[in-house]
Amino acid sequence: MRRKLIAGNWKMNGSQAANAVLLQGIKDGLGNAACAVAVCVPAPYFAQCQSALAGSAVGWGAQDLSVHEAGAYTGEVSAAMLLDFGCAYAIVGHSERRTYHGESNELVAQKTVRALKSGLTPIVCVGESLAERESGNTAAVVGAQVDAVLAALSGDELGNIVIAYEPVWAIGTGKTATPEMAQEVHAMLRARLAAKNPAAAERVQILYGGSMKPDNAKELLAMPDIDGGLIGGASLKAADFLAIVAAA
Ligand code: PEP
């Protein structure tokens, strides 16, 4: 039985004062959550998370990492820097990075390898645009995104990634995939993993992301291949985030 993971993606939101309130609210309200819980935060707040979340059940991660190890890469943040602050997760290939920063399937695969080899758990995001869904290309697009990552990993390594299926048309729009639509893609993704390593495929957490909220989380999380959520907007309010954690 896979343990569920609820991970917040704060995106480019926050301030030291607002984060302090949000993190305290999450810690205070968490109780004995059955699922794993994490927040993925902007790089300037790594130190704040390290100290605010020390000793708590809330893990934290970055929203990206450099594909390079170190050196002359102005503006980049390396895996070693993330680890220096006790970071556990790194989102890779979020659709906003694919769209606004031109990240290719191959770069996302290389970042996944960089995260894994450094001891971070990559949360690999895949998802189709509205045009791709409407033209019947969801499986081809999402399949190609995940295949590029699988091609870069050994059968053993693939058991150590997290995947987030995030239909681009559902991110930040208030539109959510129905549980059945999401389940269909999650099952397809797990079958692709299983073709490479069936045992590892059973372990991999496949999260759904795209306007997951307290009022739709329960039915999405009830699907057999939906192992948690990557939560954007609703992760910025402790009460909403905690309600999704409770649903999991
Ligand atoms: C996200 O950015 O990963 C996301 C799922 O955002 P939202 O929940 O706001 O749709």
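## A chat about helix 1, helix 8 and the overall fold

Student: So on helix 1, which residues are exposed?

Tutor: Keeping in mind that this is a predicted model, the exposed residues Ala17, Val21 and Asp28 are found on the other side of helix 1 from its buried ones.

Student: And which residues of helix 1 are buried?

Tutor: The buried residues of helix 1 are Asn19, Leu22, Leu23, Ile26 and Leu30. Looking down the axis of helix 1, these buried residues fall within an arc of 95 degrees, so they line one face of the helix.

Student: What do those buried residues pack against?

Tutor: They pack against four elements, namely strand 2 (36–40), helix 2 (46–53), strand 3 (58–62) and helix 11 (238–247).

Student: How far apart are the end C-alpha atoms of helix 1?

Tutor: They are 21 Å apart, and this agrees with the expected span, because 15 residues (16–30) at 1.5 Å a residue should also cover 21 Å.

Student: What happens just after helix 1?

Tutor: Just after helix 1 comes Gly31, which takes a positive phi of about 60 degrees.

Student: New topic: where does Arg190 lie, and is it buried or exposed?

Tutor: Arg190 lies in helix 8, which covers residues 179–196, and with a relative accessible area of 5% it counts as buried, because the cut-off for buried is under 20%.

Student: Which side chain does the side chain of Arg190 make a polar contact with?

Tutor: The side chain of Arg190 makes a polar contact with the side chain of Asp227, at 2.6 Å. In addition, a polar atom of the Arg190 side chain lies 2.8 Å from the backbone oxygen of Val204.

Student: And what else is Arg190 in contact with?

Tutor: If we leave aside neighbours within four places in sequence, the residues in contact with Arg190 are Arg2, Ala201, Glu202, Val204, Ile206, Asp225 and Asp227.

Student: What about Gln183, which helix is that in?

Tutor: Gln183 is found in helix 8, and Gln183 is buried, with a relative accessible area of 13%. Its side chain makes a polar contact with the side chain of Asp225, at 2.8 Å. Leaving aside neighbours within four places in sequence, Gln183 is in contact with Met223, Pro224, Asp225 and Ile226.

Student: Switching again, is Glu134 buried or exposed?

Tutor: Glu134, which lies in helix 6 (residues 130–134), counts as exposed, because its relative accessibility is 65% and the cut-off for exposed is over 50%.

Student: How far is Glu134 from Asn13?

Tutor: Their C-alpha atoms are separated by 31 Å, and the two residues are 121 residues apart along the chain.

Student: Okay, whole chain now: how many helices and strands?

Tutor: The protein chain has 11 helices and 8 strands, and its C-alpha atoms fill a box of roughly 45 × 45 × 35 Å, taken along the principal axes.

Student: What is its radius of gyration, and what would a compact globule have?

Tutor: The protein chain has a radius of gyration of 17 Å, and this agrees with a compact globule of 248 residues, for which a value near 18 Å would be expected.

Student: How much of it counts as buried?

Tutor: Of the 248 residues, 51% count as buried. The accessible surface comes to about 10,700 Å², with 54% of that belonging to carbon and sulfur atoms.

Student: And what share of contacts join residues at least 24 apart?

Tutor: Among contacts between residues at least 6 apart in sequence, 72% join residues at least 24 apart.

Terms used: Residues are numbered from 1 along each chain as its sequence is written. This is a predicted model: local features need pLDDT of at least 70, side-chain atom pairs count only at pLDDT 80 or more; totals for chains, interfaces and linings use all residues. Side-chain values use heavy atoms; hydrogens and water are left out. Helices (H or I, at least four residues) and strands (E, at least two) are DSSP runs, numbered from the N terminus. The expected span of a helix is 1.5 Å times one less than its number of residues. Buried means under 20% relative accessible area, exposed over 50%, partly exposed in between (1.4 Å probe, protein chains only). The arc is that of the directions from the helix axis to the C-beta atoms. Contact means heavy atoms within 4.5 Å. A polar contact is a pair of N or O atoms within 3.5 Å; within protein, one must be able to donate a hydrogen and the other to accept it, and residues adjacent in sequence count only if both atoms are side-chain atoms. The radius of gyration is taken over C-alpha atoms; the globule rule is 2.2 Å times the number of residues to the power 0.38. Accessible areas come from the Shrake-Rupley method with a 1.4 Å probe; for residues, only the protein chains shown count as cover.
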